[in-house]
Amino acid sequence: MKKSNIVLIGMPGVGKSTVGVVLAKVLGYQFIDADLVIQEKEKKLLCEIIAEVGAEGFIEVENRINSEIMAEHAIIATGGSVVYGTEAMAHLKEIGTVIYLKLPYDTLEKRLNDIRGRGVVLKEGQTLRGLYEERVSLYEKYADIIVDENQLNVEETIDKILELKDRF
C-alpha cells in the first residue's frame, strides 16, 4: 500500500485535530481523529477509559485500536500518547507519512489548562513538563517530518505542511 495518508503526532494542545480537519479539506482527504475512533470502539470517553484501566491500560487500548486503523487519502490525528505504542506506530508509519507538530513547552503550558479533563495520560505524580520531556524524543524518533509550529497560526502550519508535502 502506497503511503497515501498523513499521520499527525505531537503533544496535546499542538493542534493536531484543528490542523488535521482543515488540511483534510484542502487536500480533499478524509479526516480521522484516532481519539474519537477509540471512544467509538470502546463506547466510553477517554477519561473514563483512563479512570477504569489506568494509564498503562489505556496505552494498551490505544495501541491496539490505532494498529487497526485502515485508511487511504486520510489525515489521521492521533492522541499524544500514541508514541508509546510500538505496534501502532509501526502500522501508522507503514500506511502514512508521520508529521510531528512541535511546540515549545512554554507555549503548550499556556494552551493546556485542564490537562486531565482532556483525557491526557499522566502517570502518578507526573507533571506536564515531565510528560513533555519524556515524549519529545519519541515524537522525533517516529517523525518523517517535523513541523515547528512556534509563532505559526493554523493557516501557516498548514502552508508549511503543504510545502513539505512534496517530500512524501
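Reader: Are the two faces of strand E3 (residues 74-77) buried or exposed?

Author: Welcome! Keep in mind that this is a predicted model. On one side of strand E3 sit Ala74 and Ile76, and on the other sit Ile75 and Ala77. A residue counts as buried when its relative accessible area is under 20%. All four of these residues meet that label, so both faces of E3 are covered, and the answer is buried.

Reader: Which residue in E3 is the bridge partner of valine 7?

Author: Let's begin with the strands themselves. Strand E1 (residues 5-9) runs parallel to E3, and 3 bridges join the two. For valine 7, the partner in E3 is isoleucine 76.

Reader: How many bridges join strand E2 (residues 30-33) to E3, and which residue in E3 partners phenylalanine 31?

Author: E2 and E3 also run parallel, with 4 bridges joining them. Phenylalanine 31 has its bridge partner in E3 too, and that partner is isoleucine 75.

Reader: Which residues form the nonpolar patch on the surface, and what is their accessible area together?

Author: A good place to start is valine 21, which is found in helix H1 (residues 16-27). Patches are made of residues with over 30% relative accessible area. Valine 21 has 33% relative accessibility, so it counts as partly exposed and passes that cut-off. The patch is formed by Val21, Val22 and Val26, and their accessible area together is about 200 Å².

Reader: How many salt bridges does the count come to?

Author: Here is the idea behind the count. Side chains of opposite charge can pair when their charged atoms come close. A pair is counted when a side-chain nitrogen of Lys or Arg lies within 4 Å of a carboxyl oxygen of Asp or Glu. By this rule the count comes to 6.

Reader: Which residue forms a salt bridge with lysine 44, and how far apart are the closest N and O atoms?

Author: Lysine 44 is partly exposed, with a relative accessible area of 30%. Its partner is exposed, at 53%. That partner is glutamate 52, and the closest N and O atoms are 3.0 Å apart.

Reader: How many residues apart are lysine 102 and glutamate 140?

Author: The side chains of these two residues meet in a salt bridge, at 3.5 Å from N to O. The pair links distant parts of the chain, with lysine 102 in strand E4 (residues 96-102) and glutamate 140 in helix H6 (residues 128-142). Lysine 102 is partly exposed at 25%, and glutamate 140 is partly exposed at 35%. Along the chain, they are 38 residues apart.

Reader: Which residues are linked in a network of salt bridges with Arg129?

Author: Arginine 129 and glutamate 133 meet in a salt bridge, at 3.9 Å from N to O. Because they are 4 residues apart in helix H6, about one helical turn separates them. Arginine 129 is partly exposed at 38%, whereas glutamate 133 is exposed at 53%. The residues linked with Arg129 in the network are Asp106 and Glu133.

Reader: Which residues form the negative surface patch?

Author: Let's look at aspartate 159, found in helix H7 (residues 154-164). Aspartate 159 has 44% relative accessibility and so counts as partly exposed. That value passes the cut-off for patches, which is over 30%. The negative patch is formed by Glu155, Glu156, Asp159 and Glu163.

Technical notes
Residues are numbered from 1 along each chain as its sequence is written. This is a predicted model: local features need pLDDT of at least 70, side-chain atom pairs count only at pLDDT 80 or more; totals for chains, interfaces and linings use all residues. Side-chain values use heavy atoms; hydrogens and water are left out. Buried means under 20% relative accessible area, exposed over 50%, partly exposed in between (1.4 Å probe, protein chains only). Two strands pair if DSSP finds at least two bridges between them. Patches are made of residues with over 30% relative accessible area and no salt bridge: like charges are joined within 9 Å, nonpolar side chains (Val, Leu, Ile, Met, Phe, Trp, Tyr) within 5 Å. Accessible areas come from the Shrake-Rupley method with a 1.4 Å probe; for residues, only the protein chains shown count as cover. Lys and Arg count as positive and Asp and Glu as negative; His and the chain ends are not counted. The place of a charge is taken as NZ of Lys, CZ of Arg, CG of Asp or CD of Glu.
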